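Let's take a walk through this fold together, starting with how its helices meet and ending with its aromatic rings. Keep the structure open beside you as you read.

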Amino acid sequence: MCRLLLLSHSELSKSFYQTIELIMGKPSPKISYLTLPYGQDMDMYQQMVEEQVLESEGEGILILTDLFGGSPFMISTRVYEKYCKKNSIEIICGMNLSMVVEVASALKQNLSLDVMKQIALDSGHKGIVDFSELLSNTLPKRKENEK
């Protein structure tokens, strides 16, 4: 079983955590989050991420970040570089609610880190839906003269 760490600017990761609690009930203790408020000391933030990674030793950790290239992502890559030989770590950026809900649900199944990573990627992509396209593909096509 692996752990899940949500990282984001401001309160987004906390809001994701609170939302999965609303949808699914109390989240697994294997799920944690760190917020990055404006003005946060980056060395301290990195230390907090490192503590989460060290707690997951032997289990592995899937880190979901909000934005590619953003501070939470960049800090997580530094931590990855420092600990990847000691601990299994995967990082996915661009987290969305579909991804977080599916991964939180899958944590109960005691799946490997690689499987959890694939669930995150698949559910993240599938959670993005163009409603107009979906609607046009599900409704019967109108004949030209009915328009």
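A good place to begin is the crossing of helix 1 and helix 4, which is right-handed. Please keep in mind that this is a predicted model. Helix 1 covers residues 12-24 and helix 4 covers residues 97-106; the two pack at an angle of about 60°, and their axes are 10 Å apart. Angles under 35 degrees count as roughly parallel and those from 65 to 115 as roughly perpendicular, so helix 1 and helix 4 are oblique to each other.

Now zoom in on the residues that make this contact. From helix 1 come Phe16, Thr19, Ile20, Ile23 and Met24, while helix 4 brings Leu97, Val100, Val101, Ala104 and Ser105. Sorted by class, the contact of helix 1 with helix 4 has eight nonpolar residues and two polar ones, with no charged residues.

Next, turn to helix 2 (residues 42-55) and helix 3 (residues 71-83). Their axes come within 10 Å and cross at roughly 55°, and helix 2 and helix 3 are therefore oblique to each other. Here, too, you will find a right-handed crossing, as helix 2 passes helix 3.

Which residues of helix 2 and helix 3 meet? On the helix 2 side they are Met42, Tyr45, Gln46, Val49, Glu50, Val53 and Leu54, and on the helix 3 side Ser71, Pro72, Ile75, Arg78, Val79, Lys82 and Tyr83. By class, the contact of helix 2 with helix 3 has nine nonpolar, two polar and three charged residues.

Finally, have a look at the aromatic rings. If you count rings whose centres lie within 6.5 Å, you arrive at two aromatic pairs. One of them is formed by Tyr17 and Tyr33, with 5.1 Å from centre to centre and 45° between the planes, a tilted arrangement. This pair links distant parts of the chain: Tyr17 sits in helix 1 and Tyr33 in strand 2 (residues 31-36), 16 residues apart. Are these two rings buried or exposed? Tyr17 has 16% relative accessibility and so counts as buried, whereas Tyr33, with a relative accessible area of 29%, is partly exposed.

Phe68 and Phe73 also form a tilted aromatic pair, with their centres 4.9 Å apart and 45° between the planes. Phe68 is exposed, because its relative accessible area is 64% and the cut-off for exposed is over 50%. Phe73, at 13% relative accessibility, counts as buried, because buried means under 20%.

Terms used. Residues are numbered from 1 along each chain as its sequence is written. This is a predicted model: local features need pLDDT of at least 70, side-chain atom pairs count only at pLDDT 80 or more; totals for chains, interfaces and linings use all residues. Side-chain values use heavy atoms; hydrogens and water are left out. Axes are lines fitted to C-alpha atoms, for helices over the stretch in contact, and angles run from 0 to 180 degrees between N-to-C directions. Helices (H or I, at least four residues) and strands (E, at least two) are DSSP runs, numbered from the N terminus. Angles under 35 degrees count as roughly parallel, over 145 as roughly antiparallel, 65 to 115 as roughly perpendicular and the rest as oblique. A crossing is left-handed if the near helix is turned anticlockwise from the far one by less than a right angle, and right-handed if clockwise. Contact means heavy atoms within 4.5 Å. Ala, Val, Leu, Ile, Met, Phe, Trp, Tyr, Cys and Pro count as nonpolar, Asp, Glu, Lys and Arg as charged, and the others, Gly among them, as polar. Rings of Phe, Tyr and Trp (its six-membered ring) pair if their centres lie within 6.5 Å; planes under 30 degrees apart count as stacked, over 60 as edge-to-face and the rest as tilted. Buried means under 20% relative accessible area, exposed over 50%, partly exposed in between (1.4 Å probe, protein chains only).
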